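Reader: I would like to learn how to read a protein model with some care. Could you take me through it feature by feature?

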Amino acid sequence: MTRADAVAQVAAALRDDALVVACNGMIGRELYTRADAPTRFYMIGSMGLASSIGLGVALVQPSRTVVVFDGDGNVLMNLGGLANVAAARPGNFHHVVFDNAAHGSTGNQRTISDRVQLEEIARAAGYRRTSRVGDAEELAVALRSWFDAPGPSMLLVAVDRQQVAGISRVEPSPAAIAARFRAACTR
Amino acid sequence: MGKQFLDLLQRHGYDFFTGVPCSLLEGVTRILDAEPRYGYVSAVREDAALGLAAGAYLGGRQPVVLMQNSGLGVSVNAIVSLHHIYDIPALIVVSWRGQDGQDAPEHLIMGRVTAPFLRLLEIPFEVFDAAAIDQQLESLTATMRRTGRPVALVVPKGALDR
């Protein structure tokens, strides 16, 4: 399963009013290219912090579903962020990690997530639900009800390293993305 | 002074609190830890606190991030590649360990460079003055709202310890 297809498949399973914080690198770019919406925040720098940003949104917007689209490199860079999520225990927070055990946007250099199971770290930290899926069918089964049950949850989606053609950069300016997302959060 | 300071922050529109503690800010964090109404999130690290603050801002709040000046070091990327470029305002309340070279060895260099470091990172700041703190917050908050970017209040020893 390509990461771009997995990203699009998860995005398609979300309700229109769900708020998404996407990590930097290819995951945010693929979400932007395949399923842009005002309810998406694309973090283009500050690697590692998507889960912390998503937690902040989830805590102040408790009636909204907040989904963080993250990568293995990002999660590894801010493992403490998982502890912050688990300790705060927001029921509206969902963490979807697209794991290819590589840093996709810098040339697919290896991470260490082939030897370290990120969803097990999340479970040990105190996430309410965690699961790992490895192909489009397993993902489809998980997505039928994943976002209906309370979080914090982590759904780890194992994806391959293939880079899909036709993925653009996130085009709006960072300030425009922030203003648009804030309006979508507070309307 | 901690309670008065928190009241002032709320009066100036701040309504989300996160950070990593410092003994010089104990007068504030003791109250934040004890009173759930502030919704204080004890962050694992200073850059995670800035990420939390960014999320809270995007969700409609006006955040305050408390930290020791040692935390400025790990905060650099969050400040320049998140808050600054996305125009995400926050008040960073940063203690000034190592001021005047009188402190434990690990604080001396950061204490010496705290002010130039904030200037380098393009963060407008004031040094806490108990006699003028209301006006200082007024001015910092006005700058923060005008620029849409973080500002800092640098807190020397003795200002908010209790």
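Author: What follows goes from one whole chain to its helices, then to the contact between chains and the core. Please keep in mind throughout that this is a predicted model.

Reader: Let us begin with chain A as a whole; how many helices and strands are there in chain A?

Author: Chain A has eight helices and eight strands. Its radius of gyration is 15 Å, close to the 16 Å that the globule rule gives for 187 residues, so chain A is as compact as a globular protein of that length. Along the principal axes, the C-alpha trace of chain A spans about 40 × 35 × 30 Å. Of the 187 residues in this chain, 53% are buried, and among its contacts with a separation of 6 or more, 75% join residues 24 or more positions apart.

Reader: How does one judge a single residue; is Ile27(A), for example, buried or exposed?

Author: One counts the C-beta atoms around the residue, and 20 or more within 10 Å make it buried. Ile27(A), which lies in helix α2 (residues 26–35) of chain A, has 29 C-beta neighbours inside 10 Å and therefore counts as buried. Beyond the neighbours within four places in sequence, Ile27(A) is in contact with Arg3(A), Val7(A), Ala22(A), Phe69(A), Gly71(A) and Phe98(A).

Reader: Which residues of helix α6 (residues 118–125) of chain A are buried, and why do they count as being on the same side of α6(A)?

Author: The buried residues in α6(A) are Leu118(A), Glu119(A) and Ala122(A). They lie on the same side of the helix because they cover an arc of only 100 degrees around its axis. These buried residues pack against α4 (72–77), α5, β4 (93–99), β7 (129–133) and β8 (153–158) of chain A. After α6(A) comes Gly126(A), with a positive phi near 130 degrees.

Reader: And how many of the residues of α3(A) are buried?

Author: Helix α3(A) is mostly covered, with 11 of its 11 residues buried; among them are Ala50(A), Ile53(A), Leu55(A) and Val60(A).

Reader: Which elements of chain A give two or more residues to the side that touches chain B?

Author: The contact takes 27 residues from chain A and 25 residues from chain B. On the side of chain A, the elements that give two or more residues are α3 (50–60), α5 (79–88) and α8 (174–186). By class, the residues on this side divide into 15 nonpolar, 11 polar and one charged.

Reader: How should I describe two helices that pack together?

Author: Two packed helices are described by the angle between their axes and the distance between the axes. In chain B, the axes of α3(B) and helix α4 (residues 70–86) come within 7 Å and cross at roughly 30 degrees. Residues making this contact include Leu50(B), Gly51(B) and Ala54(B) of α3(B), and Val74(B), Ala78(B) and Leu82(B) of α4(B). By class, the contact has six nonpolar, five polar and two charged residues.

Reader: Finally, which residues have the most contacts inside the largest nonpolar core?

Author: That core has 109 residues, and those with the most contacts inside it are Ala22(A), Met43(A), Phe69(A), Val157(A), Ala53(B) and Val155(B). Helix α3 (residues 46–58) of chain B gives the largest share of this core, nine residues. Leaving aside neighbours within four places in sequence, the contacts of Val155(B) include Leu24(B), Val93(B), Trp96(B) and Phe128(B).

How values were computed: Residues numbered from 1 in each chain as written. Chains lettered and ligands numbered in written order. Predicted model: local features only at pLDDT ≥ 70, side-chain atom pairs only at ≥ 80, totals over all residues. Core = buried A, V, L, I, M, F, W, Y, C linked by C-beta atoms within 7 Å. Buried ≥ 20, exposed ≤ 12 C-beta atoms within 10 Å, placed from the backbone. Helix = DSSP H or I, 4+ residues; strand = E, 2+ residues; numbered from the N terminus. Contact = placed C-beta atoms within 7 Å. Nonpolar A, V, L, I, M, F, W, Y, C, P; charged D, E, K, R; others polar. Axes fitted to C-alpha atoms, helices over the stretch in contact; angles between N-to-C directions. Arc of directions from axis to C-beta. Rg over C-alpha atoms; globule rule 2.2 N^0.38 Å.
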